[in-house]
Amino acid sequence: MGKNMIGAFYQPQRVVCDLATLQSLPARELSAGLAEVIKYGPIADLAFMTWLEAHVADLRALNPQALAHAVQRSCEIKAWVVAQDERESGLRAILNFGHTFGHAIEAGLGFGEWLHGEAVGCGMVMAARLSQRLGMVEAAFVDRLVTLIDRAGLPIQGPRLGADTYLHHMRVDKKALGGDIRFVLIDGQGQAEVRGAPDALVAEVIEASCAT
Ligand SMILES: [Zn+2]
């Protein structure tokens, strides 16, 4: 294993992350990748979120130690969530935080217009605001998360496609159960849950989160 390789080993799966390839990533793609790292904070590990707040500039500057920690912690949290889900409790669905709204952005704009991670970043903003509207999380925590996503170089305002377009794409998403849209929502304490929400509330959050 080369010095730029970090291995995080778990049974039965082995995860090897090649940090050298990150060094050659364009800034936009690195930011997109950070969306999939940031998501682990609010759903599973507030200490990691605090670490990301302190090191997001280092990550964007491709600091090797910061990248190594971010990748390792992401792998560890993912493995932990999947391990907790061995009895098919459905917990692993929380790994899709930001992805329900993000999928609608990708599908609504045409895939490839935004990078997947960009759509997920903005999708996390919308999911966090929906969690707030449902009384699950404090506004201050949502502000913290939105600031972090913004500082990672990700969009925090969605494309103005109209709430109906978003709802349509979310409803036909393969993860929707019989047309019921499932959202990964956060509680601000480092935990997430998957549940539905009233269309009217979702539409309000979308309209409030789109560029004018
Ligand atoms: Zn993703």
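These are my notebook entries on the salt bridges of this structure.

**Entry 1, overview.** I worked from a predicted model. I looked up the salt bridges and found 9 in the structure.

**Entry 2, Arg28 and Glu118.** I checked this pair and read 2.7 Å between the closest N and O atoms of the salt bridge. Arg28 sits in helix H2 (residues 27-38) and Glu118 in helix H7 (residues 116-133), so the bridge ties together parts that are 90 residues apart in sequence. I then asked whether each partner is buried or exposed. Arg28 has 43% relative accessibility and counts as partly exposed. Glu118 has 8% and counts as buried, because that value falls under the 20% cut-off.

**Entry 3, Glu204 and Arg133.** I looked at helix H7 again, this time at Arg133. Its side chain forms a salt bridge with Glu204, with the closest N and O atoms 2.8 Å apart. Glu204 belongs to helix H10 (residues 199-208), and the two residues are 71 apart, so I noted a link between distant parts of the chain. Glu204 is partly exposed at 42% relative accessible area. Arg133 is partly exposed too, at 44%.

**Entry 4, Glu36 and Lys39.** I found a salt bridge between these side chains, 2.9 Å from N to O. Which of the two is buried? I read 7% relative accessible area for Lys39, which is buried. Glu36, at 22% relative accessibility, counts as partly exposed.

**Entry 5, a network.** I also looked for linked bridges. Asp45, Arg73 and Glu76 are joined in a network of salt bridges.

Definitions and conventions. Residues numbered from 1 in each chain as written. Predicted model: local features only at pLDDT ≥ 70, side-chain atom pairs only at ≥ 80, totals over all residues. Heavy atoms only, no water. Helix = DSSP H or I, 4+ residues; strand = E, 2+ residues; numbered from the N terminus. Buried < 20%, exposed > 50% of the residue type's maximum accessible area, 1.4 Å probe, protein only.
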